[in-house]
Amino acid sequence: MAVAFTSGEAPPDGVDALAVPVADDLRPAGRDGGVSAALEAEAGALLDGSFLSAAGFRGEVGQTQWVPAGRRHLVAVGVGPRGSLSRDDLRRAAAALGRAAGRARSVATTLHHAFPAAADAGSAEIAQEAMGSRSAVAAQTVVEGIGLAGYRYQPAAEGAESLLERVTLVGADAAAVRRGEIMVAATLRTRSWVNRPAGDLRPPRLAEMAAEAGLAAGLEVEVWDEGRIAAEGLGCLAGVAAGSEEPPRLVRLTYAPRGAVAHLALVGKGITFDSGGLSIKGASAMESMKADMGGAAAVLAAVLALPDLAPPVRVDAWAAVAENMPSGHATRPGDVLVASDGTTVEVVNTDAEGRLVLADALLAAAGPEPDAIVDVATLTGGQRVALGPQLAAVLGSDDVVERVLAAGAVAGEPAWRLPLWAGYRSRLDSDVADLRNVARDSAASTIMAALFLQRFVAERPWAHLDIAAPSFVDRDDGWLTKGATGWGTRTLIELVSAWA
C-alpha cells in the first residue's frame with residue numbers, strides 16, 4: 001500500500017508520531033523555529049540538546065532519533081548546519097524519516113520548514129516572494145523523499161508497499177503535496193515494471209499494460225505489433241527480436257492537451273530481457289538484465305503522469321519493446337539490418353542491441369516533427385565506467401541537453417554531459433553497410449553509442465540520456481531502494497513541466 005499524503009494546519013487527531021527537523025546545533029530548525037505552534041508544546045523539552053547528544057544524535061542530514069513521548073512519539077530528523085539545507089539534502093532527510101517512520105502507521109511533520117526560504121534574498125520583499133515558491137518546492141521534495149524511500153516491491157501485486165500509511169505535512173501547500181504524490185506514483189510505477197521478473201513481463205505483456213494504463217489516463221494509445229513493425233520497415237527492431245519466441249512491440253502513448261505550446265517526443269529502450277543474443281553475456285552480467293527496459297518504463301510512466309499535472313505541452317512517448325535472446329532465428333554477428341529510413345547497419349555485436357531498437361523508434365518519433373526528442377536508455381557499460389553509479393550521462397543538442405541537466409538537478413537525478421565528438425564518427429564506418437552498431441574497440445563506448453543514435457533523429461533537436469548505472473542499485477541509499485530506482489521518470493516530468 002502506498003503512503004497517503006495530506007496537508008493541514010495541525011497534526012490530525014490520533015497521529016502516531018511527530019517528526020521535526022533538528023540542526024547540527026541540536027536545536028529545532030526552520031523558518032518557524034522548526035515546530036509549528038501545534039507541535040511546540042509536545043516537542044519542546046523532549047528535544048533538549050543534552051538528551052539528543054546523549055542518544056548519539058548529531059543532527060547530520062539523514063540521521064533520525066526516536067523520542068518516547070507518552071501517547072505518541074517524536075522523531076528528530078537531522079538537517080545539518082542551520083539554514084544550509086539543499087533540495088537534495090532535504091530529499092535525503094525525508095527519505096531517512098520515511099524509513100524510520102516504519103514504526104508508526106501515521107506521522108505528522110514540519111520537516112519542509114527547514115528548507116531556507118530564500119538563500120540569496122537581498123531584501124525582505126524578495127525573501128517573502130521567494131518563500132512561497134520555495135515552500136512549495138520543500139513540500140514536494142519531502143513527499144518525494146518519504147514516498148520513494150518507503151517503496152518495497154511486492155512480487156504478487158502491482159505497485160508498491162510501504163510500512164507507513166499516512167503522512168501529514170503541517171502548514172504545507174496542498175497543491176505542492178499533490179504534485180509530490182504524482183511524482184512518487186510515477187516513479188514507483190517505473191520501479192515496479194522494471195522489478196518484475198522478465199518472464200512475467202515479456203514484450204506483448206508490457207505493451208498491453210502500457211496501453212491499458214494509457215487508456216485509463218485518457219491518453220491516445222497506439223501499439224504496433226510484429227505485422228505493423230514489418231510493414232513499416234522497422235528492420236532493426238525486428239532484427240533484435242528475431243531470436244525470441246515473443247514478438248516485439250512499438251508503443252506510443254500521447255498526451256495532447258488543447259492549446260499546447262510545444263511538442264516533445266520521449267523515446268525509451270524497452271529490452272525486457274537482454275541475454276546478449278548470440279554475443280551472449282556471462283551469467284553474472286545477466287542477473288539484472290530484466291532492468292534493460294528501464295528507459296521505456298520511465299518514458300511511459302512519465303507521460304502517464306501528465307494528465308494530472310496538465311502542462312500545456314504535447315508529448316509523444318515511444319517505447320521500443322523486445323527481448324534479446326539467442327536461438328536459431330537470432331540475428332548473427334555480421335548480419336545487416338535495415339532501419340525504417342533505409343539505413344543499413346552491420347551488427348558486429350548482438351549485445352549492442354539497445355541502439356538498434358532505438359534507431360527505429362527515433363525515426364518514428366521524428367516523423368511528426370516534434371520540437372525536440374529525448375531518448376532514455378540503459379545503454380552502455382561505459383556509462384558506469386565513466387561516471388559511476390550516481391550519475392547518468394547526457395549527450396546531444398546544446399539547448400536540449402541543458403534543459404535535461406536542469407530537470408535532472410530539480411528531480412535529484414543528476415547527469416553529466418559527455419561530448420558528442422564528431423571526430424569519432426568514422427569509427428562506425430562499415431565495409432558492408434552504412435554503419436556498424438559498435439566501433440572496432442570499446443573506447444568511448446557511451447559517446448560512440450550516442451553518435452550512432454544521432455544518425456536517426458532526422459536532425460531534430462535531441463538529447464540522449466544513458467541511465468545504465470543509476471537505474472538499478474544493489475542497496476538502499478537515500479531515496480533509492482534496492483533494485484530498480486525509476487531513474488529518469490521525474491527528470492522527464494520536470495523537463496516537460498519546465499518546457500512550457
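These are my notebook entries on the sheets, helices and a few single residues I looked up in this predicted model.

**Entry 1: the six-stranded sheet**

I started with the sheet that holds strand 1. What order do its six strands take? I read off 1-6-5-2-4-3, an open sheet with mixed pairing. At the edges I found strand 1 (4–8) and strand 3 (64–67), and each of them pairs on one side only. I also noted the twist, which averages 25° from one strand to the next.

Then I checked one pair in there. Strand 3 and strand 4 (residues 73–78) are antiparallel partners, with four bridges between them. To have one spot to click on, I picked Gln65, which sits opposite Ala76 in strand 4.

Which helix packs on this sheet? I got helix 5 (residues 174–195), which touches strand 1 and strand 6 (166–170). The direction of helix 5 makes about 170° with that of strand 1.

**Entry 2: helix 5 meets helix 10**

I stayed with helix 5, as it has a helix partner too. Note to self: a packed pair of helices gets described by the angle between the axes and the distance between them. For helix 5 and helix 10 (residues 294–309), I wrote down an angle of about 150° and axes 9 Å apart. Why do I call helix 5 roughly antiparallel to helix 10? Because angles over 145 degrees count that way, and this pair is at about 150°. The crossing of the two is right-handed.

I listed who touches whom. From helix 5 the residues include Arg178, Arg179, Ile182 and Trp193, and from helix 10 they include Leu300, Leu304, Asp308 and Leu309. Sorted by class, the contact of helix 5 with helix 10 comes out as eleven nonpolar, two polar and four charged residues.

**Entry 3: the eight-stranded sheet**

Next I moved to the sheet with eight strands. It is open, with mixed pairing, and I traced the order as 7-8-10-9-13-17-14-15. Strand 7 (220–224) and strand 15 (415–417) are the edge strands, each pairing on one side only. Here the twist averages 20° from one strand to the next.

I looked at strand 9 (residues 262–274) and strand 10 (residues 313–324) as a pair. How many bridges join them? I have twelve, and the two strands run parallel. Ile271 is opposite Ala322 in strand 10.

**Entry 4: strand 17**

Strand 17 got its own page. I checked its two neighbours in turn. Strand 13 runs parallel to strand 17, with five bridges joining them; Asp375 has His464 of strand 17 as its bridge partner. Strand 14 pairs with strand 17 in the antiparallel sense over four bridges. There, Ala393 is partnered with Asp466 of strand 17.

Is strand 17 enclosed or open to the outside? Five of its five residues are buried, so I put it down as largely enclosed by the rest of the structure. I sorted the side chains by direction as well. Trp462, His464 and Asp466 point one way, Ala463 and Leu465 point the other way, and all are buried.

**Entry 5: helix 14 on top of the strands**

What lies across strand 17? I found helix 14, which also crosses strand 13 (372–377) and strand 14 (392–396) and runs at about 145° to strand 17 (462–466). I marked helix 14 as mostly covered, with eight of its ten residues buried. Among the buried ones are Thr446, Met448, Leu451 and Phe452.

Helix 14 (residues 445–454) also packs against helix 11 (residues 354–366), at an angle of about 30° and with the axes 9 Å apart. That angle makes helix 11 roughly parallel to helix 14. On handedness, I noted that helix 11 passes helix 14 in a right-handed crossing. The touching residues are Arg355, Leu356, Leu358, Ala359 and Leu362 of helix 11, with Ala449, Phe452 and Leu453 of helix 14. By class, I have seven nonpolar, no polar and one charged for this contact of helix 11 with helix 14.

**Entry 6: one loop residue**

Last, I looked up Ala55. Where does it sit? It is in the loop between helix 2 (49–54) and strand 3. I logged Ala55 as partly exposed because its relative accessibility is 37%. I also took its distance to Ala469: the two are 414 residues apart in sequence and 37 Å apart in space, C-alpha to C-alpha.

Notes
Residues numbered from 1 in each chain as written. Predicted model: local features only at pLDDT ≥ 70, side-chain atom pairs only at ≥ 80, totals over all residues. Heavy atoms only, no water. Axes fitted to C-alpha atoms, helices over the stretch in contact; angles between N-to-C directions. Parallel < 35°, antiparallel > 145°, perpendicular 65-115°, else oblique. Left-handed = near helix turned anticlockwise from the far one by under 90°. Contact = heavy atoms within 4.5 Å. Nonpolar A, V, L, I, M, F, W, Y, C, P; charged D, E, K, R; others polar. Pairing = 2+ DSSP bridges. Buried < 20%, exposed > 50% of the residue type's maximum accessible area, 1.4 Å probe, protein only.
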